[in-house]
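Hi,

Here is the structure I said I would pass on. Have a look at it first, and then read my notes below.

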Amino acid sequence: MKPVTNTKNLVNSSSLQNSYRQRIRLFLRECWSTRLSYLFLAPFLLCFICFVIVPVIIAVVLSFTSFNGFEFPRFIGVSNFIYMFTQDVVFMKYTIPNTLKFAIVVGPGGYILSFIFAWLIHQLPKSIRDYFSLALYAPSMVAGVALTMVWTATFSGDSVGYLNNILLSLGFIETPQLWLQDPKYLMTIMMIVTLWTSMGVGFLAMLGGLQTVNTELYEAGRIDGIKNNLQEVYYITIPSMKPQMLFSAVMAIVGAIKAGSVSSGLTGMTITPQYAGHVINNHIYDYAFLRYEWGYASALSVVLLLLSYGIMQICYKLFGTKEDE
Amino acid sequence: MLQTIRKQFALSRMFLILFLTGMGIFMFLPIVFLFNNAFKPLNELFMFPPRILVQHPTLFNFEQLFMHTAAGVVPFTRYLFNSFVVALITTFAVIIVSTMAGYVLSKHRFHFKAFIMGAILIALMFTPETVSIPRYLIVSGFGLKNTYFAHVLPFLASPVAVFLMKQFIDQIPNPLIEAAKLDGASDMYIFMRIIIPLTSPAVATAAIITFQTVYMDVEPSSLYMSKETMKTLAYYVEAVSSNIPGVAQISIASSIGLLMFLPNLIIFLLFQRKMIQTMLHSGVK
């Protein structure tokens, strides 16, 4: 009996091997037949692997180590993450709530604003459209310079600051307010300033997308009983520019989560008063460049990555087009 | 009846224009400020709170800039030259590379496609600060330090541009490409004659954002370049505004602020027309 089973096994395994080999051969043949695709992709992919994927992998590896930038990284397992969630008081008490609050207001807020403005501009006659899109795009072109000069003067804490000056003369406040130093106001001001600069890439993409909407669809829609502009936007405009909507949504989220320099630009300090404007990027900056704890900073950025990836998956479900649609 | 509707329409459009003009002026303030700042004499620069409009315009700030750089090792024009060369080459290269990648990712079928798309989506999120050390190791490992390649290559890996391109190319109907294929067009021909013209709004958008990021970025200059002659204007601005104390600094900074901004504006204006150009006549729809 034994030899029979043996041969059976042998046959089985050899046919299995054969099928594996066949499958690999098929796979390679398919790869070869689509070689042109890979050729087209090659320049991007090579750079992408070298300058994004490999560095990211190194960063993930570093998140499991203790690394100060000088000595060789020391493997410490998941203790960075354990420390983050159990002992890092600032992270749990200020960073996470601030980041979420900031991202929830600025992300969708900036997104909706840029769609509204792109759509409004699209309603204008063609000859003057360019000027308006330039004016609205302007803040994101000069963000850094204007931020420190215009806004710090506006929200300055003494009585000559623009906002204090106006409010004092109107009689709304008795004494000048320390807008930027007071933890009560800092977050709101950060949100306003970021919304002001949020007509960026997403806005441009939407403007481009609005051009691509087929105008015949509007006429068809009117025949089908679309009565007002709102319905037109909801039933025709948005579905026709889904790719741009998705792109701007992703850009809005990325921007909202990544924005961390706003608070330091406004207050002139890396760590804001009472951590009022402390978002996750400030936290990373704090650990990476002030304390030189690169391992912990990498762990933080891995958490940031997971967080934004989760949010983005939701977005992709909302706006994404299905394959072969 | 028809007349009242027309009147209402005109009225609402008037309101719209008025509203957008107000908004536009508010948003446009920083540019006005920047232009005026560059021509302000010292006493107006130090005024607090700053006036937006200049009262006694002067070229003093630009004089200071040239005086300061004439004394330095590298003339200021060298930084400007580097910035332009790097930004223009990178913008051009990014457009070609990412349109190619976007075309393939959108219209071709092959293994690893979903995997590559996933990687790009994740890469959109990563903060560049955390990967600067590994990137430095790679750049110096390839021996790219102090070359223009180190200025250009890291930017070619631009997930944003590829994502944008893929999203736009998704909109080009498949039958158009299939028809071209049936007519015997090669992939290269399809790419050059169909994809590139039809994605011109996306190309314009990508060009604007790439130029801006490259032109403003100091990372390559400060990390990969040890020779002063290879650094860019953005680096010089940062060095000027953080290192040199004294009165000269603020006037130099304000004149250079304008110089940093102008090319951005020019590129934007150049491509804006292209972007707004309607696609309706291009044969897709």
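**What I found**

Before anything else, keep in mind that this is a predicted model.

Let me start with chain B. Read along the sequence, chain B runs α-α-α-α-α-α-α-α-α-α-α-α-α-α. That is 14 helices and zero strands. Chain B has 285 residues, and 51% of them count as buried. As for its surface, about 13500 Å² of chain B is exposed, with carbon and sulfur atoms supplying 70% of that area. I also looked at contacts in chain B between residues at least 6 apart in sequence: 71% of these join residues at least 24 apart.

Now chain A. An unreviewed UniProt entry carries the annotation "transmembrane region" for residues 38-63, 102-122, 134-154, 185-207, 245-266 and 294-312 of chain A. I checked two of those spans against the model. Residues 38-63 of chain A are 96% helix and 0% strand, and their end C-alpha atoms lie 33 Å apart. For residues 102-122 of chain A, the figures are 100% helix and 0% strand, with 29 Å between the end C-alpha atoms.

One helix got a closer look: H11 of chain A, residues 242-258. How far should its 17 residues span? At 1.5 Å a residue the expected span is 24 Å, and the end C-alpha atoms of H11 are 24 Å apart, so the two agree. H11(A) is also mostly covered, as 14 of its 17 residues are buried.

Over to you!

Methods. Residues numbered from 1 in each chain as written. Chains lettered and ligands numbered in written order. Predicted model: local features only at pLDDT ≥ 70, side-chain atom pairs only at ≥ 80, totals over all residues. Heavy atoms only, no water. UniProt positions renumbered as here; feature names shortened; annotations may be inferred. Helix = DSSP H or I, 4+ residues; strand = E, 2+ residues; numbered from the N terminus. Buried < 20%, exposed > 50% of the residue type's maximum accessible area, 1.4 Å probe, protein only. Contact = heavy atoms within 4.5 Å. Areas by Shrake-Rupley, 256 points an atom, 1.4 Å probe, with all protein chains shown as cover. Expected span 1.5 Å × (residues − 1).
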